[in-house]
Amino acid sequence: MSPKPRLFSGMQPSAESLHIGNYIGALLQWKELQTSHDAIFCIVDLHAITVAQDPAALRENTRRTAAQYIAAGIDPQVSTLFVQSHVAAHPQLAWVLNTITGFGEASRMTQFKDKAAKQGADAASVGLFAYPTLMAADILLYNAVAVPVGDDQKQHVELTRDLANRFNTRFGPTFAMPEPMILTETARIYDLQNPGSKMSKSAESTSGVVWLLDEPSVTAKKIKAAVTDAGREVRYDVAEKPGVSNLLTIFAVLADRSIASLEADYDGKGYGDFKTDLAEVVVATFAPVRARALELLDDPAELDRVLAGNADRAAAIADVTLATVYDRVGLLPKR
């Protein structure tokens, strides 16, 4: 039997809690992919420090992110779930990739241009500029052939492919060629108070963000207070009814229902009944996830032990790749 294809994906520990967009847009799909792939999932704390972080908060958020991964169904005995900074090969390979990356191609990365425009060029760090080469290292260290990402990250995977091909051409076959696995369109979840904007950890107001670790009563209140649209018809129409369409997407995914069947169920019932029922579905889905995450966080020593063991498994793969790279570029081995 052929081995499962290798998969790599990651998420930054940039908030105390993940939100429903992370859960639907990434974790649910990762949970399924870990059965069909040799899955490696990384909490990318080195990426997080490309912008200013409070050290204590970063450390805590890293644990909290790991706990929520596990609580949402990422099994650290099936997948390899680890913290990026626990595997030294990541920044080491990133440096080598920096040396074959053109300044021009790095400066064309859309996310850097957008963030630099917001912060001002002088405030944007070299780390932020080099973020895509670290992401390339993350992927190439494990010879991953599948990279589940949102469409906003596709450009970074394309750069990874370019760098892999460039290295392989210059130094001999070394890296597998990764393919972006664009997460399904139904995975895009929008802010409940501003359905024109994707739900985000960095939203100006948290009133439209449903956090996995919210108290159930808070979750229900946010769903019931979600912005809808003129009229009372529960109908999926992104252009005319973005608020209701967003809620229908959440309902359909979490209840494993088709949007058409939900539209039929709420024909003539209006928004009140619809949002009340959706609140019950969201609370029922998140309650066990929240409870399990809090249970894991109550024993940080055990959580750290699990993460350390997974980092050792990741390093066993990454260190072999790095040694090959160092040899091929001509670095003198330590004896």
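This passage walks through the nonpolar cores and the aromatic contacts of a predicted model.

Start with the packing. In soluble globular proteins, nonpolar side chains tend to be buried together. Here, the largest nonpolar core takes in 58 residues, and the ones with the most contacts inside it are Ile20, Tyr23, Tyr69, Ile250 and Val282. Helix α13, spanning residues 271-297, is the top contributor to this core, putting in eleven residues. Val282 gives a good idea of who meets whom: once its neighbours within four places in sequence are set aside, it touches Ile20, Val210, Thr219, Ile223, Ile250 and Leu254. Another core, of 42 residues, lies apart from the largest one and includes Phe82, Ala136, Leu140 and Ala318.

Now for the rings. Searching the whole structure turns up eleven aromatic pairs. One of them joins Phe251 and Tyr266 in a tilted arrangement, with 6.1 Å from centre to centre and 50 degrees between the planes. Phe251 belongs to helix α11 (residues 242-255), while Tyr266 sits in the loop between α12 (259-265) and α13, so the pair ties together parts that are 15 residues apart in sequence. Both partners are tucked away from solvent: Phe251 is buried at 5% relative accessible area, and Tyr266 is buried too, at 7%. Tyr266 has a further partner in Lys269, whose charged end sits over the tyrosine ring, 5.5 Å from its centre.

Elsewhere, ring pairs link Phe8, Phe82 and Tyr142 into a cluster. Phe82 thus turns up in this cluster as well as among the residues of the 42-residue core.

How values were computed
Residues are numbered from 1 along each chain as its sequence is written. This is a predicted model: local features need pLDDT of at least 70, side-chain atom pairs count only at pLDDT 80 or more; totals for chains, interfaces and linings use all residues. Side-chain values use heavy atoms; hydrogens and water are left out. A nonpolar core is a set of buried Ala, Val, Leu, Ile, Met, Phe, Trp, Tyr and Cys residues joined through side-chain atoms within 4.5 Å. Buried means under 20% relative accessible area, exposed over 50%, partly exposed in between (1.4 Å probe, protein chains only). Helices (H or I, at least four residues) and strands (E, at least two) are DSSP runs, numbered from the N terminus. Contact means heavy atoms within 4.5 Å. Rings of Phe, Tyr and Trp (its six-membered ring) pair if their centres lie within 6.5 Å; planes under 30 degrees apart count as stacked, over 60 as edge-to-face and the rest as tilted. A charge sits over a ring if NZ of Lys or CZ of Arg is within 6 Å of the ring centre and within 35 degrees of the ring normal.
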